[in-house]
Amino acid sequence: MILTAFSPRSANHKVRTRYGILAIISACILLLILVVFRRALEATPATHMVLLLPALAYVGALFAKGMLPNGVNISEANANAVTCASVWAIFFWMLPRYIDASLVSPWVDLLKFTSIPIIIGGGLALSWRKTNPYLRGFLQANALSMLGVLAFLYTYAPVRICNSYLVSDQKALGGIFLGIAAALSIYWCLPLFLCPKNFNKKGLSTNNAIT
Amino acid sequence: MSQAENTKHLTPQAGLVKLTMLISGAVFALMMLIGVVMRASQGGLLDMEPDLFYQLLTTHGAGMVGTAGLSGAGIMWYFLGRHVNLSAKMYIGFLALFLIGVVFILVSTFVGHFGGMWTFLYPLPAMSAGAWEPWAAAAFMLGYVFIGVGFLLYYLAVGVAIIKKYGGLGRALGWHVVFGKADVTEAPPPTVIAAAAVTIFNTLGIVVGAAVLVASLVNLLVPGFVVDALLAKNMIFFFGHVFINASIYMAVIAVYELIPEYTGKKWKSSKAFILAWSAILLFVIAVYPHHLLQDMVMPAWMLVMGQIISYLSGVPLLAVTAFSMCVYLHGSKFKWDLASSLLVLAVAGWSIGAIPAIIDGMVVVNQVMHNTQWVPGHFHIYLLIGEVGMSFGFMAWLVKSKSQKQSGMGAMDKLLLTSFAAGGAGFTLMFLVSGALSVPRRWAVHMPEWFLQDRLATIFALLVVFSILTQVIRYATGLSRNTAK
């Protein structure tokens, strides 16, 4: 069943396979860079949370795209479930306690370097486009709100949220979160005002162009 | 689309909308009764402890704003369903979350004695001086979060459906007609333009509201997290202003859709109409600083912007909706009934209420009038006579039978309309008169010199309550009849 689900679907399979191999090589190189420079990237909360963690997720996404260049034949319900699992993993790694723990415990660090690429990056790469458009929109709106809340928490916290980082670094991270929220708002909302390419007078041909 | 297909996707949602309007009508009536009790207490007709007064005031404010939003959402959903394919599941999710939020708010005020007002202005929820426990304030704000998330789902469903059918929010707003080469005949219907604009600004308002609610909750549970009070106030008033405006802008869709059924003239999406709604989209977002004219630490440019946009805000309303309605009504011969009368009265109330609001939006006037009853005076005009009028006009139309359609307005209809109009006008006028006499707002205990207006307002409010209660009962009984709507 798994083999049929992952079966190639188009004639330009070879081209896709080449791109897939390239993506896997890129993912491996990027992962190696992140492992080698992880201490430097973990030196401040800004580089740790805004560079290292998203880069790890990107490694997973590249790897998933490389392994499955033709995508996955996944139902909407399963895509919703995978996306929700990815979101729960994001929630987990938003907790300062586990960011702190990853700096002092090799096991938690290992968990970070494996769970983020697999569950968040890989999961979202395979499921996001097949996820229900309402759920995608809800998660995007929620992401903006949560980035605003995180910006508030890191800016106004009376104590160090992460024991490993300075209060001044924490405040800088708050400002960066606010900037990301503003940038994402524009990036996600502007296309909604434009006419999608697959639009005709009968409406959109698919839901995927909506969010 | 064939009639069968039309019925297929509309029928379950029409039932849900009818249920929504029944809930809205009942809560409106209940909140009005609370309003009567408060005015009677201010007028010395009832003996009420101040802490109970503030719990009732909080319930009344939150209940009325929420119900205005709910009824507006019901109206918009019903008529938008004529143009796009809406998801019934999303509406059920919205309604369920809304009702969960209501339970949280009622428990917070009546069990937890929360009296921090519907504006939950930071840091008041956390500084009760023993009047309520932190859990009550937390329950109140969690109730708002549930309602906000429900509305977010609602607007997602609306946004997805509109984009799918009309190809982007820009086209749904008619920008391809005004700024592009498309002919005006290619413009979306007024309902779609209004729904697209409301979806944009209310989603923005709710996202900002959710952020400040979570920040306030964190402050409540961990007081060490101190929020910048001015930033929190800006966020709260942006959210509150946008939300309550959205409720009226959703409800006015009933006017766009139902008045043509009486006049026989289709409400057209002209270029002026499209531009007016684009202006509304900008003004609703940018005008909120007029709530903060007394905050001297606000940047001066924001206060100036608030005042200027307050002037401009009335133009799209008065020049487009009210004027267009007069043009459509002029020369149209039809039998007036309760629904059409309430809808026209509502547009009049909305327009009239905008005038004292614009006056209060001037810095020099606001410095004197802001904390007086002038403010509840103007917002009760456009919410009570305006939004509530539109909601009950729609409800009257929903349950109107064929025989009523032919007979027009009966004696009971005339009594209910007169009672609502006279009661509403008198009740709001008493607020304005009190405001002009510098009677403060939000005071539980009034001086004997202010009793006359309070008592007259109580009598006028009773007229409104009589009309509304009777209309709710008639609506509930009317629902049992098969009206095929």
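Student: Which share of the contacts in chain A between residues at least 6 apart in sequence joins residues at least 24 apart?

Tutor: In this predicted model, that share is 77% in chain A. Two residues count as in contact if their C-beta atoms, placed from the backbone, lie within 7 Å.

Student: Okay, and how many helices and strands does chain A have?

Tutor: Chain A has nine helices and two strands. Follow the sequence and you'll read α-α-α-α-α-α-α-α-α-β-β. As for burial, 32% of the 211 residues of chain A count as buried.

Student: What about the place where the chains touch: how many residues of chain A are in contact with chain B?

Tutor: People often give the size of an interface as the accessible area lost when the parts come together. Here we can count residues instead: 24 from chain A are in contact with 25 from chain B. On chain A's side, the elements giving two or more residues are α8 (133-156), α9 (167-193) and β2 (203-204). Of these, α8(A) gives the most, with twelve residues.

Student: Which classes of residue make up that side of chain A?

Tutor: Chain A's side has 20 nonpolar residues, four polar ones and no charged ones.

Student: Now a helix in chain B. What span should α4 have, and how far apart are its ends?

Tutor: Use 1.5 Å a residue: the 33 residues of α4(B), 134-166, should span 48 Å, and the end C-alpha atoms are 47 Å apart, so the two agree.

Student: Is α4(B) mostly covered or mostly uncovered?

Tutor: Mostly covered, with 27 of its 33 residues buried. Just after α4(B) comes Gly167(B), which takes a positive phi of about 70°.

How values were computed: Residues are numbered from 1 along each chain as its sequence is written. Chains are lettered from A and ligands numbered from 1 in the order in which they are written. This is a predicted model: local features need pLDDT of at least 70, side-chain atom pairs count only at pLDDT 80 or more; totals for chains, interfaces and linings use all residues. Helices (H or I, at least four residues) and strands (E, at least two) are DSSP runs, numbered from the N terminus. Ala, Val, Leu, Ile, Met, Phe, Trp, Tyr, Cys and Pro count as nonpolar, Asp, Glu, Lys and Arg as charged, and the others, Gly among them, as polar. The expected span of a helix is 1.5 Å times one less than its number of residues. A residue is buried if 20 or more other C-beta atoms lie within 10 Å of its own, exposed if 12 or fewer, and partly exposed in between; C-beta atoms are placed from the backbone.
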